[in-house]
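The following exercises concern cysteines and the nonpolar core of one protein. Please study the sequence and the structure before reading the solutions.

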Amino acid sequence: MDKFRMIFQFFQSNQESFMNGICGIMALASTQMYSAFDFNCPCLPHYNMAYGLGILLVPPFILFLLGFVLNNNISMLAEEWRRPQGQRGKDPAVLRYMFCSMAQRAMIAPAVWVSVTLLDGKCITCAFCTSVPVETLGNASHPLLSQGEIQQVLARIPCKEIYNGQQLIANEVAVRYLCCISQALGWCFVLLMTTLAFLVRSLRPCFSQAAFLKSRYWSHYIDIERKLFDETCAEHARSFAKVCIQQFFEGMSTDLVAARCHLPRKTSEDAGEASKKLLGITDQGTMNMALKSWHRCKPPLHLQAPALPSGNGWAGEGQPPVHPSTAQRETAAYYSLV
């Protein structure tokens, strides 16, 4: 249990770790889904390819979209892309970084599905069973079958229980031939994905490490800023509701006294603390205006410097003198009461 708790805490440490955990769970779920899936090839000439390629390509597309849906940053990316310019500019590099980061994580589960499917070989066997080279592997000069009948016989290769073309080509030979091709494609796909991941991880710092760090930093900043804004709005809503309910019961005090119900009054300290959290926004219209202003005109990312003390002589008259080459000396004074 301690190991699972440590893993769970690691996944909750930051947004990237959380999404990596989600993508890992989706990858494991894709393999479990394929192992539990009952593959039934229709064994018909005009439906085998559609069924086989559909099982190979459609679930990865669904898993890819699901990876975007489960990613919390998709709404943040859309909001940042569609918001007005306002007082803060939009950096296309940050948006590209966010989209590429989500796309890379969303591609993990589809890549696992395609790899497992190709290595298993059932989809390729079902889709391309009518393309088996009978001239090489079987008896192409069978005098009793036309070309259309040969296609019907070859379409039944994945269905061993109803296959009746042993005189044309042996079922085991055709299945093994198609499985070998499928496994070769599967290992090539795994090698290609591994090589691409290696190149992206190893070559990216060699070209644009500074730009990458900048985009990553501001991507994290947007995520943290959104979380803090949601927490501040939730705290304001809680304080607003508390003051609203308190004023309602205070307005009903006359009826409560008339009914001889003496309820304990809330202390003024609690009421003052709740009022301070409202930050001067005490009605619905003002709060709606504040939310619209945050969306339309976000404040610029430039923090104002704190006011300098007036006892230094240069405060308020310009920038202080800077001496980069001279080390600053710190002086400590000790006073004794004796």
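**Exercise 1.** Determine how many disulfides the structure holds, and which cysteines they join.

*Solution.* The model is a predicted one.

Step 1. A disulfide is a covalent bond between the sulfur atoms of two cysteines. In this structure there are 2 disulfides.

Step 2. Cys41 is joined to Cys126, with an S to S distance of 2.1 Å. Cys41 lies in the loop between α2 and α3, whereas Cys126 belongs to helix α7; the pair thus links distant parts of the chain, 85 residues apart.

Step 3. Cys43 is joined to Cys159, with an S to S distance of 1.6 Å. Here too distant parts of the chain are linked: Cys43 sits in the loop between α2 and α3, and Cys159 in the loop between α9 (147–155) and α10 (171–251), 116 residues apart.

Step 4. When the bonded cysteines are numbered in sequence order, the pairing reads 1-3, 2-4.

**Exercise 2.** State the handedness of the link between Cys43 and Cys159, and why it is assigned.

*Solution.*

Step 1. The torsion about the S-S bond of Cys43 and Cys159 is about 90°, so this disulfide is right-handed.

Step 2. The link of Cys41 and Cys126 is right-handed as well, with 75° about its S-S bond.

**Exercise 3.** Classify the cysteines as buried or exposed, taking under 20% relative accessible area as buried and over 50% as exposed.

*Solution.*

Step 1. Cys41 and Cys126 are both buried.

Step 2. Cys43 has 5% relative accessibility and therefore counts as buried. Cys159, at 10%, is therefore buried also.

Step 3. Cys123 has a relative accessible area of 1%, so it is buried. Cys188 stands at 51% relative accessibility and therefore counts as exposed.

**Exercise 4.** Identify the residues with the most contacts inside the largest nonpolar core, and the helices that supply this core.

*Solution.*

Step 1. The largest nonpolar core has 16 residues, and Phe39 and Leu56 have the most contacts inside it.

Step 2. At least two residues of this core come from each of α2 (15–36), α3 (48–70), α6 (108–120) and α7 (122–127). The largest share, 4 residues, is supplied by α6.

Step 3. Leaving aside residues up to four places away in sequence, Leu56 touches Trp113, Val114, Thr117, Leu118, Cys123 and Ile124.

How values were computed:
Residues are numbered from 1 along each chain as its sequence is written. This is a predicted model: local features need pLDDT of at least 70, side-chain atom pairs count only at pLDDT 80 or more; totals for chains, interfaces and linings use all residues. Side-chain values use heavy atoms; hydrogens and water are left out. A nonpolar core is a set of buried Ala, Val, Leu, Ile, Met, Phe, Trp, Tyr and Cys residues joined through side-chain atoms within 4.5 Å. Buried means under 20% relative accessible area, exposed over 50%, partly exposed in between (1.4 Å probe, protein chains only). Contact means heavy atoms within 4.5 Å. A disulfide is a pair of cysteine sulfur atoms within 2.5 Å.
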